[in-house]
Structure formats: C-alpha cells, structure tokens
Amino acid sequence: MAKKSGFGTLVLLLFSLSIVYVNGALPPRTFDVRMYGAVADGKTDNTKAFLKTWEDACEYGGRSRFWIPRGTFLLGSISFEGSCKGSMTFLIKGTLKATTDPQQFFTDTWIGFRYLDKLTVKGGGYLDGQGAAAWPYNDCRRNSNCRTLPTTLRFDFVTNSTVNNIKSVNSKNSHINIFACHNMIISNIRLTAPANSPNTDGIHIGTSNKIKISRAVIATGDDCISMVSGSRNIDIDNVACGPGHGISIGSLGRSHASEFVSGISVTNSIFIGSDNGVRIKTMAPSLHSKASGLTFQNLFMRNVSNPIVIDQQYCPYEGCRVQSSSAVQIQDVTFRNIMGISRTQIAVNLQCSGALPCKNVKLINIDLGYHGRGGKAKSLCSNVIGYSYGKQIPGGCI
C-alpha cells in the first residue's frame with residue numbers, strides 16, 4: 001500500500017478540523033454543577049458551586065450546557081450574568097430549592113439572568129421557592145413601602161431567548177419577572193401557589209418588547225400574567241388561569257409616564273375560579289400615559305368573579321383620592337368571543353376616566369351568564385366610547 005503524502009495528511013487534518021470547528025465555532029460542551037462541588041442533598045448551599053459553573057460555561061466560546069441533574073439542590077440568591085462568549089442553555093433536570101432562612105428573604109431575586117443573548121432555560125425540572133416560610137413577612141396590602149421578597153426567576157436585559165418546560169411552585173413573590181427584555185418565548189410552563197399566597201404573580205412584564213407566552217398553566221395568589229408600563233407586542237395564547245387575579249394590564253399611571261403599553265393580545269385561554277378574567281387597571285390620580293391596541297378574544301370564563309374589567313379608579317392603598325380622574329388614555333380595545341359563567345352579577349364592568357374616556361372599545365360576541373341571586377347578568381359602563389356587535393349577554397353597556 002502506498003504511503004500517504006504529507007500534503008494528503010495535511011488535507012485530511014484540515015477537513016477534520018472543519019467539521020469540528022464550523023466557521024470557527026467550538027463544539028458544544030456540558031458543564032455539570034456536580035463537577036464544581038454541588039451536592040444534591042437538599043441541605044448543602046450550592047450557590048458558590050453554581051456560580052463557578054456559570055463562570056466557566058460563560059467563558060467557553062462554543063455552545064454551553066449548564067447541567068443540573070436529578071436531585072434536590074439548595075440554592076441561595078444568585079444572579080447569572082453576561083455577556084457570554086457563546087450561547088447558553090440552562091438545563092434543569094432536578095429540583096432547585098430556595099432557602100427558608102428569614103435573613104435571606106429580603107432581596108428582589110432568587111434566580112436571576114442578566115445581560116444575556118440567546119439564552120435557553122428548560123429541562124422539565126422544578127423551582128421550589130418554599131414561599132410558605134416567607135409569606136407571613138409580606139405586608140404589602142397595608143404597607144406601600146413593604147420590603148421586597150425574592151422573585152423566583154428574574155430576566156433583566158435578556159434578548160432572543162427561550163424558557164420552556166419549567167415548573168415553579170410556591171414562589172415567595174412573583175414566579176417570573178421580565179424587565180427590559182426583547183424577543184423572548186415562554187412556553188409549556190406550570191406556575192402554582194395557593195390562592196391566598198400574597199403577590200405571587202405568575203409572569204410580570206415591564207419595559208419589554210416582543211414577548212410570546214403559550215401553553216401555560218398558572219394558578220397563583222395574584223395576577224396570572226401582569227403587564228405594566230413599557231409592555232409592547234405581548235402575545236399570550238393558550239393559557240389556563242386560576243385561581244388568581246386573572247390576566248391584567250396595569251396598574252398604569254403610577255410611574256413611567258413615557259412608557260406606553262401597546263400591541264397586547266390574549267387569545268384561546270380559559271379562566272377557572274379567578275377573581276378577574278381580563279382586566280385593564282389604571283391609578284387615580286395618575287401620571288399621563290397611554291394603553292392602546294389591546295385584543296382579548298376566544299376566551300372562556302368558568303365561575304370568574306369579574307370576567308371583563310376596565311378599572312380607571314384602581315388604587316389598592318389607603319389614602320386614595322376617589323374623586324380624582326386617571327390621566328391614562330385607553331383606546332383601541334377589542335373584547336371578542338368571550339363566553340362562560342360569571343360568579344357575580346356584573347359580568348362586564350367598564351369604568352373609564354372622566355377626564356380621558358376610553359376610545360374605540362369594541363364588544364363583539366359576548367355571552368356571559370350568571371346563575372346567582374338578583375336575576376340575569378348585567379353590564380356597567382361609564383365614560384366609554386365604542387361599539388357592540390353580535391351577541392351581547394349581558395347587553396346594554398355600549
């Protein structure tokens with residue numbers, strides 16, 4: 001057999017390298033937290049081990065997999081920050097458990113991701129916030145200056161990223177908080193906490209653009225999904241909400257006057273036993289602001305207290321001036337194909353601002369029954385300019 005020339009050997013070597021290093025990229029690499037000292041006994045504080053794992057994974061130039069295997073890992077408040085040299089996949093197979101030490105409660109984050117692009121969080125694992133230990137410390141309903149409890153999963157300045165197949169239980173505060181993010185997809189998630197757990201919003205969004213949420217089961221003690229100032233182009237589809245306070249836009253007008261809300265769509269979803277269905281709420285008095293291009297359609301309400309709500313006199317704190325008007329302009333709002341059973345007689349309640357009435361509000365094919373005392377379902381509207389089309393039960397609102 002003839003010997004290969006040196007030139008031929010060099011060609012084969014270069015060809016092999018071209019397979020491994022496509023366009024200069026390194027091959028994917030897995031970073032296992034156990035290799036950095038993490039212990040899955042539910043007792044050992046793994047915060048330092050997780051941070052060290054992240055540092056190495058973030059520095060790697062190829063695709064990094066941050067691997068959390070099956071088992072229970074105790075984890076303190078932690079923030080995973082970029083920018084990283086390659087794309088990151090945070091793969092949770094096991095259970096992450098938060099601390100029950102009250103000395104570590106008063107922070108805004110349990111698990112945070114900041115300044116990252118092309119992040120994926122997935123794996124089918126659990127995030128256990130152990131919120132029951134912290135809820136007695138929450139006095140926000142009577143104290144507007146209440147101390148912060150940690151959000152389970154926080155995303156700040158994250159772009160082009162995905163959260164998929166994650167379960168969060170018993171958060172101390174919100175389950176997921178999204179701030180200053182762009183182009184995120186959140187799907188196939190389950191967020192649960194008892195109905196009486198305070199401020200356990202499912203997903204809270206602010207100052208973010210192009211966020212898509214789908215295939216979510218959310219049962220909490222506060223809003224299933226809340227969108228505040230600066231929320232733009234939010235697409236919510238196929239969500240089961242309840243118990244909880246429904247899907248809410250607002251409250252608006254308390255701050256961030258220049259950050260408008262626009263392009264919100266809530267479709268193909270079900271509300272079961274929630275305090276509200278779909279709700280828009282603004283403070284009174286308020287700063288000047290605007291919410292427009294809001295669509296709620298193909299929704300089913302089962303035993304929901306307030307299926308359709310616009311509340312421009314919202315103020316959950318003491319000392320509100322009830323006679324004051326909201327300065328938030330609400331316009332171009334469509335409620336279409338919403339049906340089911342209301343737990344209260346007022347199934348449609350649109351209370352808009354006397355200073356800035358709601359404009360171009362459409363009610364299309366509304367069919368909401370009521371089987372309690374007092375007769376049939378009713379609608380109640382004030383300061384609303386708009387139209388009604390198709391079936392209207394209850395009728396007589398616009």
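**Exercise 1. Decide whether Phe 80 is buried or exposed in this predicted model.**

Solution. Start with the cut-offs: buried means under 20% relative accessible area, exposed over 50%, and partly exposed in between (1.4 Å probe, protein chains only). Phe 80 has a relative accessible area of 0%, so Phe 80 is buried.

Before going on, note that the model is predicted: local features need pLDDT of at least 70, side-chain atom pairs count only at pLDDT 80 or more, and totals for chains, interfaces and linings use all residues. Residues are numbered from 1 along each chain as its sequence is written, and side-chain values use heavy atoms, leaving out hydrogens and water.

**Exercise 2. Classify the ring pair of Phe 80 and Phe 90.**

Solution. Rings of Phe, Tyr and Trp (its six-membered ring) pair if their centres lie within 6.5 Å; planes under 30 degrees apart count as stacked, over 60 as edge-to-face and the rest as tilted. Here the centres are 5.1 Å apart and the planes make 55 degrees, so the pair is tilted. Next, place the partners: Phe 80 belongs to strand 5 and Phe 90 to strand 6 (residues 88-92), ten residues apart. Strands are DSSP runs (E, at least two residues), numbered from the N terminus. Finally, Phe 90 is buried too, at 1%.

**Exercise 3. Find the charge that sits over Tyr 126.**

Solution. The test asks for NZ of Lys or CZ of Arg within 6 Å of the ring centre and within 35 degrees of the ring normal. The charged end of Lys 167 sits over this ring, 5.2 Å from its centre. Likewise, Arg 29 lies over the face of Tyr 60, at 5.6 Å from the ring centre.

Notes
Helix = DSSP H or I, 4+ residues; strand = E, 2+ residues; numbered from the N terminus.
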